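Trainee: I have a structure open and would like to learn how to read it feature by feature. Could you take me through it?
Mentor: Gladly, let's look at it together.

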Amino acid sequence: MSIKNARVAVITGASSGIGAATARALVAEGYQVALLARRADRIEALAAELGEGALAVQADVTDRDSLLAAAQQIARELGPADVLVNNAGIMLLGPFSSDQREDYRRMIESNLLGTITTTEVFLDQLKDGGGDIVNISSVAGRTARAGNGVYAATKWGLNGWSESLRQEVLPDVRVTLIEPGVVDTELPGHITHDATRDAVQQMYDVARVSPAEVAEIIAFVLARPRHLVINEVLLRPADQL
Ligand code: NDP
């Protein structure tokens, strides 16, 4: 299963959107990839498409035990992780209300605590030989708008934590923050507030930035020589405010 001398990239949320596109881009660059997500059928199909050196590992970033098991399996089958792409996330937008309180808990547990826990679990592997962490934040990590408060809070939190981590782990591990605007993925489909989902879906239906375009940026960042780090990338569709 393991490809000799190929770097190992662990990608959370690899079952769709930006995570799946990142897996494709990194395999094209010669990486081995560990595909983490909850939907086993999706990551198994992607692993089959990508072929040798792609490993599907069912894991939930809100469940530390599943991440520990994933880290052990990856080290055993592919080798220790060199790259961690913290991409798993949910965007459950809507007006601030007690009706949405379960959404708030889920977003904080997945987007913020899930990313922190995944990093804590894989950090020893990443430190062993020069690693990279790519944290997928958002334009919402810089700009809060009515109706996105808790999602924005998770991404603002991610930005602050990511910068602190960057300073702690350099130069052994490089940390990069990616902040996309609207990208054409399944992200809005999970919104529980019906009117908000319909409105946001309309915006995504005409989205022109593809997950592959974000993945290309991630692959470019990772390909820089070790003495150079791209700390942060903010990108938007040309017509997004
Ligand atoms: P998708 O909905 O297509 O992908 C989200 C991924 O996260 C899925 O693979 C999903 O897999 C995974 N995921 C969600 N919760 C968990 C969990 N608890 N454990 C493991 N995996 C989980 O959306 P995107 O590709 O757009 O989203 C990827 C990241 O990009 C997110 O962090 C999002 O906030 C960020 N982003 C997206 C933008 C956009 O416009 N699309 C803009 C800015 C940032 P599964 O359900 O199988 O577990």
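Trainee: How much of residues 7–186 is helix, and how much is strand?
Mentor: Residues 7–186 are 47% helix and 19% strand, and the C-alpha atoms at the two ends of that stretch are 29 Å apart. Keep in mind that we are reading a predicted model. The range itself comes from UniProt, where an unreviewed entry lists 7–186 as "domain: Ketoreductase".

Trainee: In what order do the elements of the chain run from the N terminus?
Mentor: Counting elements comes before ordering them. The chain has 7 helices and 7 strands, and from the N terminus they run β-α-β-α-β-α-β-α-β-α-β-α-α-β. The radius of gyration is 17 Å, close to the 18 Å that the globule rule gives for 241 residues, so the chain is as compact as a globular protein of that length. Along the principal axes, the C-alpha atoms fill a box of roughly 50 × 35 × 35 Å.

Trainee: What share of the contacts joins residues at least 24 apart?
Mentor: Here one begins with pairs at least 6 apart in sequence, and 69% of those contacts join residues at least 24 apart. As for burial, 43% of the 241 residues in the chain are buried.

Trainee: Which residues touch the most other members of the largest nonpolar core?
Mentor: The general idea first: in soluble globular proteins, nonpolar side chains tend to be buried together. In this chain the largest nonpolar core has 54 residues, and Val-10, Val-33, Ala-34 and Leu-35 touch the most other members. Helix 1 gives the most to this core, with 7 residues. Another core, of 11 residues, lies apart from it and includes Leu-92, Ala-152, Ile-191 and Val-200.

Trainee: Which residues does Val-33 touch?
Mentor: Leaving out residues up to four places away in sequence, Val-33 touches Ala-9, Ile-11, Ala-23, Leu-26, Val-27, Leu-50, Gly-53 and Ala-54.

Trainee: How many residues surround the ligand, and which are the closest?
Mentor: The shell around the ligand holds 31 residues, with Gly-13, Gly-17, Arg-38, Arg-39 and Gly-89 the closest. Helix 1 (17–28) and helix 4 (101–127) are the elements that give two or more residues to the shell, and helix 1 gives the most, with 3. By class, the shell has 13 nonpolar, 13 polar and 5 charged residues.

Trainee: Now single residues. Is Val-214 buried or exposed?
Mentor: The way to decide is to count C-beta neighbours, with 20 or more inside 10 Å needed for a residue to be called buried. Val-214 has 25, so it counts as buried. Val-214 is placed in helix 7 (residues 211–222). Beyond its neighbours within four places in sequence, Val-214 is in contact with Ile-18, Ala-21, Ile-178, Pro-180 and Val-183. Compare sequence with space as well: Val-214 and Gly-19 are 195 residues apart in sequence and 9.6 Å apart, C-alpha to C-alpha.

Trainee: Where does Val-183 lie?
Mentor: Val-183 lies in the loop between strand 6 and helix 6 (194–205). A loop residue can be read by the same count: Val-183 is buried, with 22 other C-beta atoms within 10 Å. Its contacts, leaving aside neighbours within four places in sequence, are Ile-18, Ala-207, Val-209, Pro-211 and Val-214. Val-183 and Ser-210 are 27 residues apart in sequence and 5.6 Å apart in space, C-alpha to C-alpha.

Trainee: And which residues does Val-150 touch?
Mentor: Not counting residues up to four places away in sequence, Val-150 touches Tyr-104 and Met-107. Val-150 lies in helix 5 (residues 149–169) and is buried, with 22 other C-beta atoms within 10 Å. Val-150 and Ile-11 are 139 residues apart in sequence and 24 Å apart in space, C-alpha to C-alpha.

Trainee: Is Asp-41 buried or exposed?
Mentor: Asp-41 is exposed, with 10 other C-beta atoms within 10 Å. Asp-41 is found in helix 2 (residues 40–50).

Trainee: One last feature, the backbone. Which peptide bond is cis?
Mentor: Look at omega for this one: the bond from Leu-170 to Pro-171 is cis, with omega near 0°. Pro-171 sits in the loop between helix 5 and strand 6 (173–180).

Key:
Residues are numbered from 1 along each chain as its sequence is written. This is a predicted model: local features need pLDDT of at least 70, side-chain atom pairs count only at pLDDT 80 or more; totals for chains, interfaces and linings use all residues. Helices (H or I, at least four residues) and strands (E, at least two) are DSSP runs, numbered from the N terminus. The radius of gyration is taken over C-alpha atoms; the globule rule is 2.2 Å times the number of residues to the power 0.38. A residue is buried if 20 or more other C-beta atoms lie within 10 Å of its own, exposed if 12 or fewer, and partly exposed in between; C-beta atoms are placed from the backbone. Two residues are in contact if their C-beta atoms, placed from the backbone, lie within 7 Å. A residue is near a molecule or strand if its C-beta atom, placed from the backbone, lies within 6 Å of it. Ala, Val, Leu, Ile, Met, Phe, Trp, Tyr, Cys and Pro count as nonpolar, Asp, Glu, Lys and Arg as charged, and the others, Gly among them, as polar. A nonpolar core is a set of buried Ala, Val, Leu, Ile, Met, Phe, Trp, Tyr and Cys residues joined through C-beta atoms within 7 Å. UniProt positions are given in the numbering used here, feature names are shortened, and annotations may be inferred rather than shown by experiment.
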